[in-house]
Amino acid sequence: MGLLVVIAAILGVFAFPIIQQLPVISKDLLKQASDTKAIVDIRNSLLYTAQGVGALTAAFSIAMNNTSRWRGLRLLLGEAAFILGMIVIPISNSVWIAMIIIALMGWGAVTQLATMNTLLQLQVPDTLRGRVFSIYLWALQGIAPFGSLLVGWMTQEFGLTTTTLLCGLISLGILCGIQVFRPDIRGTTG
């Protein structure tokens, strides 16, 4: 239960603020010689649309199949899709490839958040649910503004490529460590 809060905090600091860098991806990473402001705006809209399509796909897939048998695997796949997308996005130089990666990241974000919410609700006793969820939401959303400051500063100082790679590797290292040393985090609910 406590490790789910730690995972939420790691995601809030290093992972989810990367999504706020989509305008930088569309303007700097995917830039072309013939870019105008309108073209950059369209590219930005396409990336946000791809993120939404991925998130909507995750919501529908979870709603259609929310059996306890797959929750652990879903948590692992959601984490992997989002974090590996963070690591791979800097090497994409095509809008279509970037859209696929961003859609996978959107799917991964919703998948892991919905699965963590479900696991917490099933593991926490009724008398403690409100307290545990307040800590969980603080770890996820209360820390996120500091993560946004950190990621924004890093992007300004070191560039988007270095920032996404570094944040992705930090997230991957911590979450892999948790998954390796505490595999029960994804299978405690049976």
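User: Why is D126 called exposed in this predicted model?

Analyst: The relative accessibility of D126 is 61%. Exposed requires a value over 50%, so D126 counts as exposed.

User: What makes the contact between R129 and D126 a salt bridge?

Analyst: The side chains of R129 and D126 meet at 2.9 Å, N to O. The limit is 4 Å between a side-chain nitrogen of Lys or Arg and a carboxyl oxygen of Asp or Glu, and therefore the pair qualifies. R129 itself has 27% relative accessibility and counts as partly exposed.

User: How many salt bridges does this rule give in total?

Analyst: The count is 3. One of them joins R43 and D35, with 2.7 Å from N to O. Another joins D41 and K37, whose closest N and O atoms are 3.0 Å apart.

User: Why is R43 called buried and D35 partly exposed?

Analyst: R43 has a relative accessible area of 5%, and buried means under 20%, so R43 is buried. D35 has 23%; because this falls between 20% and 50%, D35 is partly exposed.

User: What separates D41 and K37 along the chain?

Analyst: D41 and K37 are 4 residues apart in helix 3 (residues 37-64), which means a separation of about one helical turn. K37 is exposed at 61%, whereas D41 is partly exposed at 37%.

User: How do you know that R74 has no salt bridge?

Analyst: The nearest side chain of opposite charge to R74 is E79, 12 Å away. A salt bridge needs a separation within 4 Å, so E79 does not meet the criterion. R74 is buried and lies in helix 4 (residues 71-88). Neighbours within four places in sequence aside, R74 is in contact with I62, N65, N66, T111 and T115.

User: How many aromatic pairs does a search of the whole structure find?

Analyst: The search finds 3. Among them is F16 with F82, an edge-to-face pair with 5.1 Å between centres and 75 degrees between planes. This pair links distant parts of the chain: F16 is in the loop between helix 1 (2-15) and helix 2 (22-29), and F82 is in helix 4, 66 residues apart. F16 and F82 are both buried.

User: Why is the pair F133 and Y136 called edge-to-face?

Analyst: The ring centres of F133 and Y136 are 5.7 Å apart and the planes stand at 80 degrees. Pairing requires centres within 6.5 Å, and edge-to-face requires over 60 degrees; the pair is therefore edge-to-face.

User: What makes F133 and Y136 count as buried?

Analyst: F133 has 15% relative accessibility and Y136 has 0%. Because buried means under 20%, both residues count as buried.

Terms used. Residues numbered from 1 in each chain as written. Predicted model: local features only at pLDDT ≥ 70, side-chain atom pairs only at ≥ 80, totals over all residues. Heavy atoms only, no water. Buried < 20%, exposed > 50% of the residue type's maximum accessible area, 1.4 Å probe, protein only. Helix = DSSP H or I, 4+ residues; strand = E, 2+ residues; numbered from the N terminus. Lys, Arg positive; Asp, Glu negative; His and termini not counted. Contact = heavy atoms within 4.5 Å. Phe/Tyr/Trp six-rings, centres within 6.5 Å; stacked < 30°, edge-to-face > 60°.
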